[in-house]
Amino acid sequence: MRIDIITVLPELLKSPFEASILQRAIDKGLVEVHFHNLRDFATGKYRQVDDYQFGGGAGMVLMVEPIDKCISKLKSERTYDEVIYMTPDGNTLNQGLANEISLKKNLIILCGHYKGVDQRVRDMFVTREISIGDYVLSGGELAAAVLCDAVIRLLPGVLNDETSALTDTFQDNMLAPPVYTRPASYKGNEVPKILLSGNFPKIEQWREEQALERTRKRRPDLLE
Ligand code: ADE
């Protein structure tokens, strides 16, 4: 997979890709992530990327021309499966959507800023609009990092057996069961006996029951 991220603040985005699982995925050559500073595609003395909105009102809007230039340059080099725009009015990201996007090959992710992008960017180039939740961030960068993390960890070879995505919360519309590690007893708090029994079919059954119980209690909407 290749991901090209277009942003006015590349420095805000880089660190999540320089640690842990994402870094390992990049080092293993399982994913390539490239950052493109929108300002490099701006013209004029001031390299302007945003402007006041027509009709008046507070807040700056990212201009269509620099975004067009950047996207057109990328598209002249390869074909893209999706141009994703991170925006609070997009479709809310969930595990199903992450799974779907993890099957794509080449992605462009566009990060909005200020009041967002000129509507013509959305009309002309964007194939998908994604929100990471019903709250407003100061830009799409952190949202793009969240999307990339959720997607990249699903790529074959990124996780080892130990951290396999198959047992994650949400992977089968179910929350994950509780987990424990040593010591077996801590300040009078005991690990459930079943987990120490060595009876693996029984342990599996217990985990399924716990997952169901937890999902019923905390997220009944997932079971509907
Ligand atoms: N940009 C600003 N807020 C956002 C959100 N909640 N999701 C995606 N992009 C955003």
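These exercises cover the ligand site and the two largest pockets of a predicted model.

**Exercise 1. Find which residues are closest to the ligand, and classify the shell.**

Step 1. Count the shell: 13 residues surround the ligand.
Step 2. List the closest: Thr 87, Ile 132, Gly 133, Tyr 135 and Leu 137.
Step 3. Sort the shell by class. Eight residues are nonpolar, five are polar and none is charged.

**Exercise 2. Identify the polar backbone atoms that a nitrogen atom of the ligand approaches, with distances.**

Step 1. Apply the cut-off: a polar contact is a pair of N or O atoms within 3.5 Å.
Step 2. Check Tyr 135. A polar backbone atom of this residue lies 2.8 Å from a ligand nitrogen.
Step 3. Check Ile 132. Here a ligand nitrogen and a polar backbone atom are 3.0 Å apart.
Step 4. Check Thr 87. The distance from a ligand nitrogen to a polar backbone atom is 3.2 Å.
Step 5. Add the burial. The ligand alone exposes 260 Å², and the protein buries 96% of that.

**Exercise 3. Determine which pocket holds the ligand, and which elements build the shell.**

Step 1. Place the ligand: it sits in the second largest pocket.
Step 2. Pick out the elements that give two or more residues to the shell. They are strand 5 (82-92) and strand 7 (128-131).
Step 3. Find the main contributor. Strand 5 gives the most to the shell, with three residues.

**Exercise 4. Describe the second largest pocket by volume, lining and class.**

Step 1. Take the volume: about 330 Å³ of space lies in this pocket.
Step 2. Take the lining. It has 23 residues, and Met 86, Thr 87, Pro 88, Val 136 and Leu 137 lie nearest the centre.
Step 3. Assign elements. Strand 5 and strand 7 each supply at least two lining residues. The largest share, five residues, comes from strand 5.
Step 4. Sort by class: 11 nonpolar, nine polar and three charged.
Step 5. Cross-check with the ligand. Thr 87 and Leu 137 are among the residues closest to the ligand, and both also lie nearest the centre of this pocket.

**Exercise 5. Describe the largest pocket by volume, lining and class.**

Step 1. Take the volume: the largest pocket holds about 390 Å³ of space.
Step 2. Take the lining. Of its 14 residues, Thr 167, Ala 176, Pro 177, Glu 204 and Arg 207 are the closest to the centre.
Step 3. Sort by class. Seven lining residues are nonpolar, two are polar and five are charged.

Note on methods: Residues are numbered from 1 along each chain as its sequence is written. This is a predicted model: local features need pLDDT of at least 70, side-chain atom pairs count only at pLDDT 80 or more; totals for chains, interfaces and linings use all residues. Side-chain values use heavy atoms; hydrogens and water are left out. A residue is near a molecule or strand if one of its heavy atoms lies within 4 Å of it. A polar contact is a pair of N or O atoms within 3.5 Å; within protein, one must be able to donate a hydrogen and the other to accept it, and residues adjacent in sequence count only if both atoms are side-chain atoms. Accessible areas come from the Shrake-Rupley method with a 1.4 Å probe; for residues, only the protein chains shown count as cover. On a 1 Å grid over the protein atoms alone, a cavity is a set of points where a 1.4 Å probe fits but cannot get out, and a pocket is an open set with protein on both sides within 12 Å along at least five of seven lines; lining residues have an atom within 4 Å of a point. A molecule sits in a cavity or pocket if more than half of its atoms lie within 2 Å of its grid points. Helices (H or I, at least four residues) and strands (E, at least two) are DSSP runs, numbered from the N terminus. Ala, Val, Leu, Ile, Met, Phe, Trp, Tyr, Cys and Pro count as nonpolar, Asp, Glu, Lys and Arg as charged, and the others, Gly among them, as polar. Grid points are joined across faces, edges and corners, and a volume is the space filled by probe spheres set on the points.
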